[in-house]
Every structure is written in C-alpha cells, then in structure tokens.
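Visitor: I work at the bench and would like to learn how the labels on a structure are earned. Could you take me through this one?
Guide: Gladly; let us look at it together.

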Amino acid sequence: MPDEYNVLIVDDQEDTRRNVARLLQFENDINVVGTARTGQDAINQTVALDPDVVLMDINMPDMDGIEATELIQQQAPISQIVILSVQGDTNYMRRAMLAGARDFLTKPPKSDELVSVIRRAGAKAKAIRSDVQYIGRGTGSLKDPRGTTIQLSGLGKIVAVYSPKGGVGSTTIATNLAVTLHSVETPAVIVDGSLEFGDVQVFLNERGRTSIIDLTPNAEQLDAELVEDVVLHHKDSGIDIVSAPPNPIDAEQVKGSDFVKVLQFLVRLYSYVIVDTHSYLSDVTIDTLDACDLMVMVSSQDIPSIINTRSMLQLLVNSLGVQKNKILLVMNRFDKQIAISPDKVSHNLGHKVASVIVEDKEVVVPGVNRGVPFMLGEGKSKEIGKGILELVGKVREQLSKLEQNQVPDA
Ligand SMILES: Nc1ncnc2c1ncn2[C@@H]1O[C@H](COP(=O)(O)OP(=O)(O)O)[C@@H](O)[C@H]1O
Ligand SMILES: [Mg+2]
C-alpha cells in the first residue's frame with residue numbers, strides 16, 4: 001500500500017479552504033485531517049494533529065504565513081509546510097523558504113500541481129519520521145536533510161526479545177538486533193533481563209562490575225549520570241549495556257516494578273532499549289513483557305519450541321490481553337531441509353511469522369565465542385544477516401505503525 005499523507009489546510013477564507021479540500025477529495029492517498037483559519041490555530045492544530053503537510057496561507061488576521069511557518073518549524077519540525085499564496089513575489093517566497101517552508105504554490109492551485117507538491121512534501125515528512133522517530137530526549141537532536149537541527153521530545157522504545165524456551169537464540173537475536181538498530185542518531189542500550197545467568201556481557205565481550213542492581217534500588221530517582229556510571233560501553237558497536245548482576249544470588253533482589261522503572265527511564269536517554277528477557281516467567285519477565293512497546297518472540301523450527309510458543313501466545317493475547325500486533329514472531333535456526341515451513345507455522349499458531357533467520361553455525365558460533373555479534377562482521381552480508389536486517393526493518397515499521405495507531409498487519 002502506498003503511503004498516505006495527512007494534510008492540514010490553513011486559510012482565513014472559508015471559500016479557499018473548501019475549494020482546496022474539494023481538489024483533494026478524490027485522492028485516495030491524501031487525507032485532509034483538519035482546517036485552520038488563523039496562524040495560532042494552525043500552530044495548535046499542527047502540534048495536535050501532526051499532519052505530514054500543512055498548506056499555509058500567507059495573509060491571516062493574527063500573523064502572516066511566514067511567522068506561522070517559523071513557529072511550526074520549532075514546535076512540530078516534521079510537518080512539511082507548503083505556502084499557498086496569491087503573491088507571486090519572489091522575495092516573499094524566498095523568505096518563506098528560509099523560514100522553513102518546503103515548497104510553494106500560487107493560488108488558486110491547479111489540481112495536479114497541488115497533488116504532486118503534497119505527495120513530494122508528504123514523502124519528505126515520512127522519511128524524516130522513519131529516521132528520527134525514536135530519538136530519546138537525552139540525545140534528542142538530529143540534522144534533517146536541509147541541515148536544520150531538529151530537536152525531538154519523543155521517547156525511545158522498549159523492545160523485549162523473548163522466547164518461551166531457552167536456547168533458541170534470544171540472546172543471539174537481541175545482541176544482533178541492538179547493534180543493528182543502533183546509530184549515533186538513534187542510540188541503543190541492551191539490558192540483560194536474564195538476571196541469574198545473563199550472558200549479554202559475554203556475547204559482547206565486555207566486562208564490568210556494575211549491573212542492573214546499581215540502578216534498581218534507585219529506580220524512583222534515576223539520573224543520566226548514574227546511568228552513565230553503570231552502563232558498559234561496547235566499543236565495537238557503540239551500544240551501551242546494562243548487565244545482569246555478577247553474582248546470580250543477587251538476581252532475587254530485583255523487583256519487576258523497579259526493573260520496569262529503569263527501562264522507562266532509559267527511554268529518555270536512548271532511542272532503543274532492547275531487553276534480553278529470560279524464558280522463565282518471573283515478575284521481571286512478566287512486567288517487562290507488559291511494559292514493552294514491542295515484543296520479538298523467538299521460536300525455533302522444532303515442535304517443542306513451536307508448542308511452547310503457541311501456549312505463550314495464547315497466554316499473552318487471550319489471558320493477559322496483550323495486543324496481537326505488539327508481538328513480532330521470529331523463526332530462528334531455520335533449515336529449509338526441514339518440512340516445517342514458516343507458512344505452516346504461521347497457520348498453526350494463528351500468528352504470522354514476521355522474520356525468518358536461518359541456521360548458520362559457521363557464522364554464529366565463532367561470533368559468540370569471540371564476543372562479536374555477527375552483524376558487525378561478514379555475517380551481515382550472509383543470508384543470516386539478511387534475516388536480521390529484515391527483522392530490524394519490521395521492528396522499525398511495527399513501532400511506527402503502533403505509534404501512529406494504525407491497524408498493523410500482524
Ligand atoms: N541462527 C542460528 N544459527 C546457528 N546457531 C544459532 C543460531 N541462533 C542461535 N544459535 C546458537 O544457539 C545457542 C543458544 O543461543 P542463545 O542466543 O544463547 O539462546 P537463548 O538466549 O534463547 O538461550 C548459541 O550457542 C548460539 O550460538
Ligand atoms: Mg539467553
């Protein structure tokens with residue numbers, strides 16, 4: 001399905017608003033989500049409705065379109081502004097563009113011109129959205145393609161990687177997912193939720209004495225400095241790590257509610273908070289699955305794993321009321337020689353397998369033993385790496401769909 005663009009029409013004349021809306025009414029990919037008749041109204045509605053495109057008049061009673069454009073740029077930097085004006089004055093247009101307008105049209109606009117300008121500006125808004133959606137507050141700035149720094153107040157997302165059965169590859173997938181999602185603009189932290197025998201540190205070949213138990217007792221009053229003291233920095237990838245306690249005995253002092261408070265603080269500092277949860281349904285695991293924005297559920301191709309996955313899906317969706325589209329199902333260690341296909345599994349579980357990751361011991365095992373996720377090396381270009389890249393794409397896409405409250409195709 002092609003992208004759809006939401007448009008806000010700003011004009012003080014009712015006739016103009018109506019005429020523009022009429023020109024757009026037969027375009028399936030363009031939705032007029034609101035109209036505004038003053039500059040202030042335009043700003044308020046842009047902030048509230050988050051349209052992809054704002055069609056902006058120049059002359060309005062309270063302020064002109066340039067001033068409104070400037071203010072919208074500051075408060076809602078993703079919405080793209082197209083100036084619509086009778087004034088063909090090039091100086092004026094230049095000022096409008098400097099104020100941050102994306103494009104301009106003269107009134108009355110021709111239908112085809114209007115539509116193509118909206119599509120172009122709308123595509124730009126979508127591109128920025130997908131790039132920057134998950135910028136955490138602490139690092140929340142980004143240069144858009146025009147070189148403007150965009151400050152975003154959005155919080156990051158919690159992605160829990162979970163498998164109802166141990167040994168099917170949760171940690172392998174969580175670590176590779178984290179290093180691939182991470183970028184300077186969208187920083188990631190991985191939190192080891194296998195508190196007793198967590199091995200995220202080992203998978204990433206980092207060692208430290210600090211761990212989650214340095215954060216959970218202060219769950220009510222965390223600050224960025226404390227987090228900085230506790231996380232380990234993974235040099236090869238740039239991600240940060242919150243380790244499991246060095247002594248397994250200490251795991252039991254971590255309460256699920258505190259663990260979740262830590263996660264909810266971390267989304268202020270990181271765009272992606274990846275949690276490698278433990279299969280055992282402790283309150284830490286249950287609270288994490290409840291609090292996460294998205295769950296990556298890992299199954300392997302063997303029958304016991306699939307049966308466990310089915311029970312867990314039923315428990316989550318039917319008993320705990322988790323939204324089905326919050327769960328991305330991944331089939332790991334896939335071997336096409338085996339007759340159990342992703343389609344069959346999707347059918348059997350009543351839940352679509354979102355990504356398939358092949359079995360490849362030659363790539364995975366040396367990576368695990370050296371403590372280097374295969375996505376940082378040649379594995380990235382192998383079939384297994386393509387599976388992870390596909391999963392990363394699905395994670396981003398589903399998070400963005402869930403955020404926009406659309407009905408995702410789960
Ligand atoms: N796609 C894969 N191909 C080959 N080996 C894999 C794959 N995924 C995981 N493994 C291996 O399976 C073992 C268990 O993986 P791990 O990520 O520790 O599982 P879990 O965290 O679910 O217990 C590891 O030794 C890892 O090397
Ligand atoms: Mg594990």
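Visitor: Why is Arg333 called partly exposed?
Guide: First, a word of care: this is a predicted model. The relative accessible area of Arg333 is 36%. Buried means under 20% and exposed means over 50%, so Arg333, at 36%, counts as partly exposed.

Visitor: Where is Arg333 found, and what is its phi?
Guide: Arg333 is found in strand β14. Its phi is near 60°, a positive value in a residue other than glycine. Most residues other than glycine have a negative phi, which is why a positive one is worth pointing out.

Visitor: What is the phi of Asn205, and why is Asn205 called partly exposed?
Guide: Asn205 also has a positive phi, near 55°. This residue lies in the loop between α7 (200-203) and α8 (224-230). Its relative accessibility is 38%, which is between the limits of 20% and 50%, so Asn205 is partly exposed.

Visitor: Which peptide bond is cis?
Guide: The one from Lys107 to Pro108 is cis, with omega near -10°. Most peptide bonds are trans. Pro108 lies in the loop between β5 (103-106) and α5 (111-132).

Visitor: Let us turn to the ligand. What makes the approach of Arg333 to ligand 1 a polar contact?
Guide: An N or O atom in the side chain of Arg333 is 3.0 Å from an oxygen atom of ligand 1. The cut-off for such a pair is 3.5 Å, so this one qualifies. Asn332 places a polar side-chain atom 3.0 Å from a nitrogen atom of ligand 1, and a backbone N or O atom of Asp360 lies 2.9 Å from a nitrogen atom of the ligand. The protein covers 81% of the 560 Å² of accessible area that ligand 1 has on its own.

Visitor: Which residues come nearest to ligand 1?
Guide: Of the 17 residues around the ligand, Gly167, Ser170, Thr171, Thr172 and Val358 come nearest.

Visitor: Where is Asp335, and why is it called partly exposed?
Guide: Asp335 sits in the loop between β14 (327-334) and α12 (342-349). Its relative accessible area is 29%; buried would need under 20% and exposed over 50%, so partly exposed is the label that fits. The C-alpha atoms of Asp335 and Asp360 are separated by 9.0 Å, and these residues are 25 apart along the chain.

Visitor: Which residues make the nonpolar surface patch?
Guide: Leu281, Ile286, Leu315 and Leu320 make a patch of about 300 Å². Leu320 lies in the loop between α11 (303-319) and β14.

Visitor: Why does Leu320 count as partly exposed?
Guide: Leu320 has 49% relative accessibility. Exposed starts over 50%, and buried means under 20%, so Leu320 is partly exposed.

Visitor: And how many helices and strands does the chain have?
Guide: The chain has 14 helices and 15 strands. Its C-alpha trace spans about 70 × 50 × 40 Å along the principal axes.

Visitor: What share of the residues counts as buried?
Guide: Of the 410 residues, 53% count as buried. The chain exposes about 18900 Å², with carbon and sulfur atoms supplying 48% of that area.

Notes: Residues are numbered from 1 along each chain as its sequence is written. Chains are lettered from A and ligands numbered from 1 in the order in which they are written. This is a predicted model: local features need pLDDT of at least 70, side-chain atom pairs count only at pLDDT 80 or more; totals for chains, interfaces and linings use all residues. Side-chain values use heavy atoms; hydrogens and water are left out. Helices (H or I, at least four residues) and strands (E, at least two) are DSSP runs, numbered from the N terminus. Buried means under 20% relative accessible area, exposed over 50%, partly exposed in between (1.4 Å probe, protein chains only). Patches are made of residues with over 30% relative accessible area and no salt bridge: like charges are joined within 9 Å, nonpolar side chains (Val, Leu, Ile, Met, Phe, Trp, Tyr) within 5 Å. Accessible areas come from the Shrake-Rupley method with a 1.4 Å probe; for residues, only the protein chains shown count as cover. A salt bridge is a side-chain nitrogen of Lys or Arg within 4 Å of a carboxyl oxygen of Asp or Glu. A residue is near a molecule or strand if one of its heavy atoms lies within 4 Å of it. A polar contact is a pair of N or O atoms within 3.5 Å; within protein, one must be able to donate a hydrogen and the other to accept it, and residues adjacent in sequence count only if both atoms are side-chain atoms.
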